[in-house]
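I opened this entry to keep a short record of what I looked up, item by item.

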Amino acid sequence: MDRNNRGKVGKDNVELDSNKNGDLCWWLLHKGLTSLFLCISMFGLLVRWTVSLHSYSGAGNPPKFGDYEAQRHWMEITVNLPAQDWYINSTKNDLSYWGLDYPPLTAYQSYIHGLFLRFFDPESVTLFTSRGYESYIGKLLMRFTVLSSDLLIFFPSVLYFIHAYYDVHSRGRKADVAWHILLILINPCLVLIDHGHFQYNCISLGLALAAVAAILSQRDLLACVLFCLSLNHKQMSTYFAPAFFSHLLGKCLRRKHPLLEISKLGMVVLGTFAMVWWPYLHSRNAALQVLSRLAPFERGIYEDYVANFWCTSSVLIKWKRLFPTQSLRLFSMVATILACLPSMVQQILAPSSKGFLYGLLNSSLSFYLFSFQVHEKSILLPLLPATLLAMEWPRPFKLLTHYALFSMFPLVCRDNLILPYIALYALCIFLYHPPGGRWDEATRQGSTPLSLVSVLLTLAYLGSLVLHIVYLTVRPPERYPFLFEALIMLLSFSHFVLFAFHTNIKQWMLSGHLIGSDKGKKQH
């Protein structure tokens, strides 16, 4: 098809189909993608601000409070001490009290936000005396730092991705694009964790999303810079590393000078890391001190009741009692690599844009299920690529979002965020079933006849809804005080495993399609 005849999303010359009158957002679409994105962004900001009015991690809970205090304390440390002392235990920096354990880019972000807090409320970042600081103005300023980070990094990355994705997949309707933007921006788990619980995942995920958009736009060097920045903000972005590595390697191997292409990417990666780590490269000990803070193996292979393999199987196999930490590190590394390997091999053999998105999902799921020291909040990483692929397979995506929210329910209850949890869940039901939308039609058309699998999934879905009520209203037996947390974990884990199998199969099915396309081209 001629490029001039292809209807690109966001152009004013795209004509409206007669059957689009039922789409809720259609009255917004005549002015183009940017105007549409701004309208949806305003709604996304409103949702975030509403959630931020509620409680947060560790509110009024001394002596260490929670993640809110950890982020505030990092601001306190970075604005009062030189960069060389941020990761070193001293009389002024007690690492046992929320010591910095994220890469340097998080420290720089804390420094910038700390300067902002010190300008408006100096007491909130005063060394020592600000511990547990919870004034109204302090909380308002802290919430604003998350909201502004979201607005400056995650939101533009979503717009970049939408432009890149629908430039490649130009068949998309504008109404579908509108719902896709909504699904990415109104990610209920991300909103709850960042603007309720209190974290800055919007920065690392935003940088990773921008890197994905750069890959789709064939700007591989830019993608390397952005993904390295994401890695240097939160080490959990390593969940995406196998997908980036295998896809870029597969592309380089198909070019005229593969070694040169690989060298260029390697130099960009090394250069980006060198710039971020510059204050700690003056000595080997300084760099190792930072690295030691990024891998807290002393915490054990799991904490709390996270829906991954190690925690779920510990009901039967007491991993921490039977094996030393060093052995568990080896077990988790081998299991994670083996789980990632099929997805990586597929992208090395047949790299493609869609395969890369599936690779991101499968890689991050493998890390979530099998890696060392996984948190409930880590489900945000598989959710990001799942949301990017949401328009491809709506039913599995809806179930994944449901169980991702469900797996975080005990954490939400501890933070007193039940009301925003329910409100976001209700909002998602509306978003995932747009009246008259083609996405909802695709869901109904994609419905399969009644089978054992669909019956089991329905029962599991209903079971999770019942468990919500039971968790809030019934006291567990004294002998098993964490019974309900364990049931939530088991139910969520079973779905995540099935979902991982499904998405790996979907990714490998792309190989046959690509091989068939290549043969057709050669015949012509």
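I began with R414, which at 47% relative accessibility counts as partly exposed. The model is a predicted one. I looked for the partner of R414 and found E376; their side chains meet in a salt bridge, 3.2 Å from N to O. E376 lies in the loop between helix 15 and helix 16, and R414 in helix 18 (residues 409-414), so the pair ties together parts that are 38 residues apart in sequence. I then looked up the cover on E376: at 7% relative accessibility this residue counts as buried.

Next I noted a second pair, E392 and K354, whose side chains meet in a salt bridge at 3.3 Å, N to O. This pair also links distant parts of the chain: E392 sits in the loop between helix 16 (380-388) and helix 17 (394-407), K354 sits in helix 15 (residues 353-370), and 38 residues separate them. I found both partners partly exposed, E392 with a relative accessible area of 26% and K354 with 25%.

My third pair was E261 and R255, a salt bridge of 3.4 Å, N to O. Here E261 is buried, with a relative accessible area of 19%, while R255 counts as partly exposed at 33%. I asked which residues are joined into one network by salt bridges that share partners. They are D220, K251, R255, E261 and K264. My search of the whole structure found 10 salt bridges.

I turned to the cysteines and asked how many disulfides the count comes to. The count is zero. For C224 I can say why: its sulfur is 6.3 Å from the closest cysteine sulfur, in C228, too far for a bond, given that a disulfide needs the two sulfur atoms within 2.5 Å. I also noted that C224 is buried, with a relative accessible area of 7%. C413 is buried as well, with a relative accessible area of 15%.

Then I looked at the inside. The largest nonpolar core has 147 residues, and those with the most contacts inside it are F154 and F161. Helix 7 (residues 201-216) gives the largest share of this core, 13 residues. I listed what F161 touches, leaving aside its neighbours within four places in sequence: H180, I184, L209, V212, A213, L216, L357 and L388. I added a general remark to the page: in soluble globular proteins, nonpolar side chains tend to be buried together.

On the surface I found a nonpolar patch made of L330, F331, M333, V334, I337, L338, L341, V345, L349 and W508, with about 890 Å² of accessible area together. Where does the largest share of the patch come from? It comes from helix 14 (residues 325-349), which supplies nine residues. I checked M333 in particular: its place is in helix 14, and at 47% relative accessibility it counts as partly exposed.

Last, I wrote down the totals. The secondary structure comes to 22 helices and zero strands. Of the 524 residues, 54% count as buried. The protein exposes about 24400 Å², and carbon and sulfur atoms supply 66% of that area. Among contacts between residues at least 6 apart in sequence, 78% join residues at least 24 apart.

Conventions: Residues are numbered from 1 along each chain as its sequence is written. This is a predicted model: local features need pLDDT of at least 70, side-chain atom pairs count only at pLDDT 80 or more; totals for chains, interfaces and linings use all residues. Side-chain values use heavy atoms; hydrogens and water are left out. A nonpolar core is a set of buried Ala, Val, Leu, Ile, Met, Phe, Trp, Tyr and Cys residues joined through side-chain atoms within 4.5 Å. Buried means under 20% relative accessible area, exposed over 50%, partly exposed in between (1.4 Å probe, protein chains only). Helices (H or I, at least four residues) and strands (E, at least two) are DSSP runs, numbered from the N terminus. Contact means heavy atoms within 4.5 Å. Patches are made of residues with over 30% relative accessible area and no salt bridge: like charges are joined within 9 Å, nonpolar side chains (Val, Leu, Ile, Met, Phe, Trp, Tyr) within 5 Å. Accessible areas come from the Shrake-Rupley method with a 1.4 Å probe; for residues, only the protein chains shown count as cover. A salt bridge is a side-chain nitrogen of Lys or Arg within 4 Å of a carboxyl oxygen of Asp or Glu.
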